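User: I've got a two-part puzzle for you, and I'd like the reasoning behind the labels, not just the labels. Can you walk me through it?

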2 protein chains.
Amino acid sequence: MAPSKAPDSSRRSDRSRRAIHDAALALIAEAGYGRTTIEGIAARAGVGKQTIYRWWPSKAAVLLEAFTDLAERAAEAAGEPRGLPDTGDLAADLKRVLRATVDELNDPVFEGPTRALTAEGIVDPELGAQFAEKLLAPQVQLYVTRLRAAQEAGQLRADIDPRVAVELLIAPLTHRWLLRTLPLTHAYADSVVDHALCGLLADR
Amino acid sequence: MAPSKAPDSSRRSDRSRRAIHDAALALIAEAGYGRTTIEGIAARAGVGKQTIYRWWPSKAAVLLEAFTDLAERAAEAAGEPRGLPDTGDLAADLKRVLRATVDELNDPVFEGPTRALTAEGIVDPELGAQFAEKLLAPQVQLYVTRLRAAQEAGQLRADIDPRVAVELLIAPLTHRWLLRTLPLTHAYADSVVDHALCGLLADR
């Protein structure tokens, strides 16, 4: 009885898909979004460009999937659980996650492609909207879930909006990194958490 | 007695300089940073390209000066005083300034060129560093001065770092605008101020 060919074919597909993701991320980091083409990705991945056209409708779609895959692989490699940690110590949990974000943003494997895709989303409304919906929104939702749990446990004030609170935590890191105002460090991540949790006012 | 030619010549210079600024801002918004050239700016401004080369060392230098000039003209038009308002009511003062920032970021006159220059600074470290030093740092300093005054008046906690506090206030607006996560509104600006001042914790 001849074995089915499906497993081999599926493994070949996975290898090709991974090669295409890696090629897309490398090219956008080196050449920028505008000069990255389906043809260039295909050549670098060692596949025919029809393979890419068969699986994805556009260059943007290839790149967004490559970024999602990269983030998932990084989370697996780090042994991170799905969702934010919840040890009951909110400040410690947030510092752990934001320090990991600092490491990721400072890692050349992420930095080049992430800067290139973010920059293009800033000037291209359609790509920016996809980037926000497919890559940012799911990450923001993990924070909202964790903050809402802390709010229900009475640790956070009842009148805060978790969606706004998330931005107080993550936007300062993104701002400092994207706009290159000051170095992005673990100490800064810790400081942002402390300032956001305790607030600025002497009396409130 | 023939009048000196200096005043006329100076007025001509000012007119040319303004025309060059306007041309540079319009071009970068339409074509992006990469496709904006000194030749293109000169043609649109109706000056010879040697005029531009005589006054500025690079395309980046023209654009950075054009942005500084645009921000100064906007502040003058709005009758804004130099520095942040200080009525003694910190929350009201911050909301007033951040609402004005929302209006500016949503104004097409600013939005196109600001997105184009910001995007380029994200992928070009040298331009990004100049952008941070010449355009962002002076704005951040105005906030630091206002927050330090409030700290000295005992309104803000003694242990906060005004430089970090500024980022809690301005980064969420920049993040939402640049990354197109949700609409940028006055209500959001107010909410950011309230969350940052009062903090997230139920007890602290």
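Analyst: Here is a walk through the contact between the chains, some salt bridges and one helix. Keep in mind that this is a predicted model.

User: How many residues does each chain bring to the contact, and what area is buried between them?

Analyst: Chain A gives 50 residues and chain B gives 50 residues. The area buried between chain A and chain B is about 4,600 Å², with carbon and sulfur atoms giving 67% of it. On the chain A side, A:I122, A:R180 and A:L200 lose the most area to chain B, together 17% of what that side buries.

User: Why give an area at all?

Analyst: Because the size of an interface is often given as the accessible area lost when the parts come together.

User: What makes B:R176 and A:E167 a salt bridge?

Analyst: The cut-off is a Lys or Arg side-chain nitrogen within 4 Å of an Asp or Glu carboxyl oxygen. For B:R176 and A:E167 the N to O distance is 2.7 Å, so the pair fits that rule. Across the interface of chain A and chain B, the rule finds two salt bridges. There are also 24 residue pairs in polar contact between the chains, both residues at pLDDT 80 or more.

User: Which elements supply the chain A side, and what kinds of residues are there?

Analyst: Helices α6 (108-123), α7 (125-152), α8 (162-179) and α9 (186-198) of chain A each give two or more residues to the side that touches chain B. The largest share comes from α8(A), with 13 residues. By type, that side of chain A divides into 28 nonpolar, eleven polar and eleven charged residues.

User: Back to A:E167: what is its partner within chain A, and is A:E167 buried or exposed?

Analyst: A:E167 forms a salt bridge with A:R163, with the closest N and O atoms 2.9 Å apart. Both sit in helix α8 of chain A, four residues apart, which is about one turn of the helix. As for burial, the cut-off is under 20% relative accessible area. A:E167 has 1% relative accessibility, so A:E167 counts as buried.

User: Why would you say that B:D22 and B:R73 tie parts of chain B together?

Analyst: Their side chains meet in a salt bridge at 3.2 Å, N to O. B:D22 lies in helix α1 (residues 6-31) of chain B and B:R73 in helix α4 (residues 59-77) of chain B, so the pair ties together parts that are 51 residues apart in sequence. Partly exposed is the band between 20% and 50%. B:D22, with a relative accessible area of 37%, is partly exposed, and B:R73, at 24%, is too.

User: How do you know whether B:D159 and B:R157 are buried or exposed?

Analyst: Exposed takes over 50%, buried under 20%. B:D159 has a relative accessible area of 58%, so B:D159 is exposed. B:R157 has 17%, so B:R157 is buried. These two form a salt bridge, with the closest N and O atoms 2.7 Å apart.

User: How many salt bridges are there over all chains, and which residues of chain A are linked in a network?

Analyst: The structure holds 28 salt bridges over all chains. A:R18, A:D22, A:D69 and A:R73 are linked in a network of salt bridges.

User: Last one: why say that the buried residues of α2(A) line one face of the helix?

Analyst: The buried residues of α2 (residues 38-45) of chain A are A:I38, A:I41, A:A42 and A:A45. Looking down the axis of α2(A), those residues fall within an arc of 100 degrees, so they line one face. After α2(A) comes A:G46, which has a positive phi, near 75 degrees.

Technical notes. Residues numbered from 1 in each chain as written. Chains lettered and ligands numbered in written order. Predicted model: local features only at pLDDT ≥ 70, side-chain atom pairs only at ≥ 80, totals over all residues. Heavy atoms only, no water. Contact = heavy atoms within 4.5 Å. Buried area = accessible area lost by both parts, 1.4 Å probe. Polar contact = N/O pair within 3.5 Å; in protein donor to acceptor, adjacent residues only side chain to side chain. Nonpolar A, V, L, I, M, F, W, Y, C, P; charged D, E, K, R; others polar. Buried < 20%, exposed > 50% of the residue type's maximum accessible area, 1.4 Å probe, protein only. Arc of directions from axis to C-beta.
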